[in-house]
Amino acid sequence: RQVQVVQEDIEEFLLRVVWARGSEHVPGELRARMASVLGEQIRISVESVDAIEQEPSGKVKSVICKVKRR
């Protein structure tokens, strides 16, 4: 139903997933899709959540980057 990508580090990502009702939860498939795009060296975690937090504006950030600029 909804996915939020959080880049924790250069090669580390967290996927927060709100699964659709009745859907099969397949975190391995999500990891494989991300790795096919970003490379096999990337570390990917999948977290199942009930909801993704909204910003004060009411919008949901689909991508969050926590990597500090050099």
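Colleague: What makes β2 and β3 count as paired strands in this predicted model?

Modeller: Two strands pair if at least two bridges are found between them, and strand β2 (residues 12–18) is joined to strand β3 (residues 43–48) by six bridges, so the pair meets that cut-off. The two strands run parallel, and one of the bridges sets V17 opposite S48 in β3.

Colleague: Why is the crossover from β2 to β3 called right-handed?

Modeller: The chain leaves β2, passes through helix α1 (residues 27–38) and arrives at β3. With the strands pointing away from the viewer, a path over the helix that runs clockwise is called right-handed, and this β-α-β crossover is right-handed, which means that its path runs clockwise in that view.

Colleague: How do you know that β1 and β2 pair, and in which sense do they run?

Modeller: Strand β1 (residues 2–9) and β2 share seven bridges in the antiparallel sense, where at least two are needed, so they count as a pair. Among the bridge partners, Q2 stands opposite V18 and D9 opposite E12, while a hairpin of two residues joins β1 to β2.

Colleague: What makes β4 a partner of β1?

Modeller: Strand β4 (residues 63–65) runs parallel to β1 and is joined to it by three bridges, so the cut-off of at least two is met here as well. In β4, I64 is the bridge partner of V6.

Colleague: Why is β2 described as mostly covered?

Modeller: A residue is called buried when its relative accessible area is under 20%, and five of the seven residues of β2 are buried, so the description rests on that cut-off.

Methods:
Residues numbered from 1 in each chain as written. Predicted model: local features only at pLDDT ≥ 70, side-chain atom pairs only at ≥ 80, totals over all residues. Heavy atoms only, no water. Buried < 20%, exposed > 50% of the residue type's maximum accessible area, 1.4 Å probe, protein only. Helix = DSSP H or I, 4+ residues; strand = E, 2+ residues; numbered from the N terminus.
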